[in-house]
Amino acid sequence: RRSIGDLLDRTLTGKTPSEVITVRWVDSGGQPLWAEVREVPSTWRGKPAIMALIRNITGRRRAEEALKSSEERFRGLVETTSDWVWETDRNGRYTYVSPKIREILGYEPGALTGRTPFEFMHPGEVRQLRRTVRALVESCLPFSLLENTWVHRDGHPVVLAASAVPILASD
């Protein structure tokens, strides 16, 4: 953990040409504030000096903390539900698979990541399901209770009903 004083000393002595540190302090109301501090060695009137750029990043830090808290709540909810929850990217490849997949299809969640649902469905249904899913995805509308047969890791068929809500993001 470094302080502004440490950074000043390192910058003035030339040990660090330019470095950025994050500084936290508390305002008069007890609320935390955050700043990024970048110091660059300089001279002023012929003497060693430091130029500093200080940027308030309190809003960004609060947003990051809120997002982290939200993600933790979401993960806790998703990983304890009786349903299998999943997320795919725009190419239909799993980016998240909840642990419930172990009970339902016998796979570890990581075994599905990067793969498509069609790789785990009954081969006789894949062609029709590709068309159906493509149409649903292109509509950008939620769907529910799309029933189809999957293949459990041990080979027996498992009938599932899927519901999905598209979440459209720039990526």
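Glu79 is placed in the loop that runs between H2 and E4. In this predicted model, Glu79 has a relative accessibility of 37% and so counts as partly exposed. Its C-alpha lies 6.2 Å from the C-alpha of Pro99, although the two residues are 20 apart in sequence.

The wider fold gives the setting. The chain holds five helices and seven strands. Along the sequence these elements follow the order α-β-β-β-α-β-β-α-α-α-β-β. The chain has 171 residues, and 25% of them count as buried.

The aromatic side chains come next. A pair of aromatic rings is described by the distance of the centres and the angle of the planes. Four aromatic pairs are counted in the model. One of them joins Trp84 and Tyr94: the ring centres are 6.0 Å apart and the planes stand at 40 degrees, so this pair is tilted. The pair links distant parts of the chain, with the two positions 10 residues apart in numbering. Trp84 sits in the loop between helix H2 (58-78) and strand E4 (86-88). Tyr94 belongs to strand E5 (residues 94-97). Tyr94 has a relative accessibility of 2% and is therefore buried. Trp84 is buried as well, at 13%.

Tyr94 also pairs with Trp86. Here the ring centres are 6.2 Å apart and the planes stand at 80 degrees, so the pair is edge-to-face. The cut-off explains the label, because planes over 60 degrees apart count as edge-to-face. Trp86 has a relative accessibility of 29% and counts as partly exposed. The threshold matters here too: buried means under 20%, so Trp86 falls outside that class. Trp84, Trp86 and Tyr94 form one aromatic cluster together with Trp150.

Charge is considered next. A patch of positive charge lies on the surface. Arg127, Arg130, Arg131 and Arg134 gather there. Arg134 is part of helix H5, which spans residues 123-139. Its relative accessibility is 48%, so Arg134 counts as partly exposed. Exposed would require over 50%.

Two residues stand out by their backbone angles. Most residues other than glycine have a negative phi, and most peptide bonds are trans. Arg45 has a phi near 55 degrees, a positive value in a residue other than glycine. Arg45 is located in the loop between strand E2 (32-44) and strand E3 (47-56). At 71% relative accessibility, Arg45 is classed as exposed.

Cys140 is the other case. Its phi is positive, at about 60 degrees, although Cys140 is not a glycine. Cys140 occupies the loop between H5 and strand E6 (143-151). With a relative accessibility of 37%, Cys140 counts as partly exposed.

Terms used: Residues are numbered from 1 along each chain as its sequence is written. This is a predicted model: local features need pLDDT of at least 70, side-chain atom pairs count only at pLDDT 80 or more; totals for chains, interfaces and linings use all residues. Side-chain values use heavy atoms; hydrogens and water are left out. Patches are made of residues with over 30% relative accessible area and no salt bridge: like charges are joined within 9 Å, nonpolar side chains (Val, Leu, Ile, Met, Phe, Trp, Tyr) within 5 Å. Accessible areas come from the Shrake-Rupley method with a 1.4 Å probe; for residues, only the protein chains shown count as cover. A salt bridge is a side-chain nitrogen of Lys or Arg within 4 Å of a carboxyl oxygen of Asp or Glu. Lys and Arg count as positive and Asp and Glu as negative; His and the chain ends are not counted. The place of a charge is taken as NZ of Lys, CZ of Arg, CG of Asp or CD of Glu. Helices (H or I, at least four residues) and strands (E, at least two) are DSSP runs, numbered from the N terminus. Buried means under 20% relative accessible area, exposed over 50%, partly exposed in between (1.4 Å probe, protein chains only). Rings of Phe, Tyr and Trp (its six-membered ring) pair if their centres lie within 6.5 Å; planes under 30 degrees apart count as stacked, over 60 as edge-to-face and the rest as tilted.
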